[in-house]
Structure formats: structure tokens, C-alpha cells
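Welcome, and please open your viewer. We will walk through this model one selection at a time.

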Amino acid sequence: MEIISFSEQDLSIKWRRITEDPYEEVPNTSNLHYIYEDGSIVVTGASKFCERIHIPAEINGIPVKEVWLKPYFHSPFLREIVVEEGVETLHMNFDQPYLEIIDIPKSVQIDGAPNEIYNSLWFQRQPDGPVYFSDWFCGIKGTLKEDALTIKEGTKGIIRLVPLSANIKKIVLPKFPLL
């Protein structure tokens, strides 16, 4: 798939192809906004013109500890988010309609629920049935063959339970830890 990208540095428009392998290209940290805090880096946003955000574990040899990607800090046309192993915490709004590639290691703590992820292309491309992201139950894609839904053990929480059209007669919930 070809998409258009806009470079803030040289103010030119370039065509490029989104690759299957997000690690094929070297991370471009020039599109990230960040601050130094207590010997590490906190990413505070990204260019409004990038459709691909790759957060490396280090920038200029300094570890990236935390990432804040709220919707007003990056492009509304975000298609891909890749976070490398070593980043500790990600604060992100997953309500991105064009977001189709999400590559976040399990070791990265996602702050809060990935609310509205069911509006993304990533969710739409999941197989029919229950959809989970980072141990969160995100909802049901398509229809279920059974009339019962069992939420798997270890689930942190539920984003969107069941659409009324799902015709579910029984829901089995795991034991959720008390907050």
C-alpha cells in the first residue's frame, strides 16, 4: 500500500510503502518530541505529519523510559506504532481509525485501558471472535458461533463487552483483582 508522507524538515511530499516488517527501517527519532528527565528520556509526542511512530529503547544513548502519545500529540492518520523492548510505560489513546500495526512488547506497561481500540483498522483485521490486546478484552469481532462468551483468566479488564446483536445468553467472567 502506498501512502503519502510529509517531511517537516524539507517541506516536501514523498511516497513510500508501509513495510510488513516495522524493524526494516532505522527508527527516525527526528519526528519525536521528547524531554530529558532524571537521566532518561520521556517522549512527549510526535510530528503531526507522521503515519508511523517507532519508539526506540534509546535516543542518543539515553534510555527512553516513558512515552506520552495522546491524540493531540501526533497525527490523526497514524497507521503504525512500534515500541522497542526497554521502554517502560506507554500512555496512548488507541482511538485511531487508520491504526493497523501495533507492535508493543508485553514488558511495556500500557497506562490505562486501550479504550476505543475497536475503532481501529487493527481491530477490524483481527479474526472473528473475542479480541484481546495487552491482556484487555476489547470486544467481539464479527459473530460468535456459540451463545456463551468466556473471558479468559488473567484479563485486566473489559473495554467493550458485547454488542446487543451478538445474541449471547451466558457470559463467564474471570476473577478480576481488586484495585
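How many helices and strands does the protein chain have? The protein chain has one helix and 16 strands; these are DSSP runs numbered from the N terminus, helices being H or I of at least four residues and strands E of at least two. This is a predicted model, in which local features need pLDDT of at least 70 and side-chain atom pairs count only at pLDDT 80 or more, while totals for chains, interfaces and linings use all residues. Residues are numbered from 1 along each chain as its sequence is written, and side-chain values use heavy atoms, leaving out hydrogens and water.

**Stop 1: the whole chain**

Select everything. Of the 179 residues in the protein chain, 41% count as buried (buried means under 20% relative accessible area, exposed over 50%, partly exposed in between, with a 1.4 Å probe and protein chains only).

**Stop 2: strand 9**

Now select residues 89–92, which make up strand 9. Thr89 and His91 point one way, Leu90 and Met92 the other, and all are buried. Add residues 62–69: this is strand 7, which pairs with strand 9 in the parallel sense over four bridges (two strands pair if DSSP finds at least two bridges between them). Val67 has Leu90 as its bridge partner in strand 9. Then add residues 109–110, strand 11, which runs parallel to strand 9 and is joined to it by two bridges. Here Gln109 stands opposite Thr89.

**Stop 3: the nonpolar core**

Select Ile55 and Phe94. Within the largest nonpolar core, which has 32 residues, these two touch the most other members. A nonpolar core is a set of buried Ala, Val, Leu, Ile, Met, Phe, Trp, Tyr and Cys residues joined through side-chain atoms within 4.5 Å. Among the residues that Ile55 touches are Leu32, Val43, Val64 and Ile81, when residues up to four places away in sequence are not counted (contact means heavy atoms within 4.5 Å). Another core, of six residues, lies apart from it and includes Phe137, Ile140, Leu144 and Leu149.

**Stop 4: an open sheet**

Show strands 12, 13 and 15. These three form an open sheet in the order 12-13-15, with mixed pairing. Its edge strands are strand 12 (129–133) and strand 15 (157–158), each pairing on one side only. Strand 12 and strand 13 (residues 136–141) pair in the antiparallel sense over five bridges, and Phe133 has Trp136 as its bridge partner.

**Stop 5: salt bridges**

The structure holds five salt bridges; each is a side-chain nitrogen of Lys or Arg within 4 Å of a carboxyl oxygen of Asp or Glu. Select Glu80 and Arg52, whose closest N and O atoms are 2.8 Å apart. Glu80 is in strand 8 and Arg52 in strand 5, 28 residues apart, and both residues are buried.

Next, select Lys106 and Asp135. Are these two buried or exposed? Their salt bridge has its closest N and O atoms 3.3 Å apart. Lys106 is exposed because its relative accessible area is 69%, whereas Asp135 is partly exposed, at 27%. Finally, select Arg79, Glu100 and Arg125, which are joined into one network by salt bridges that share partners.
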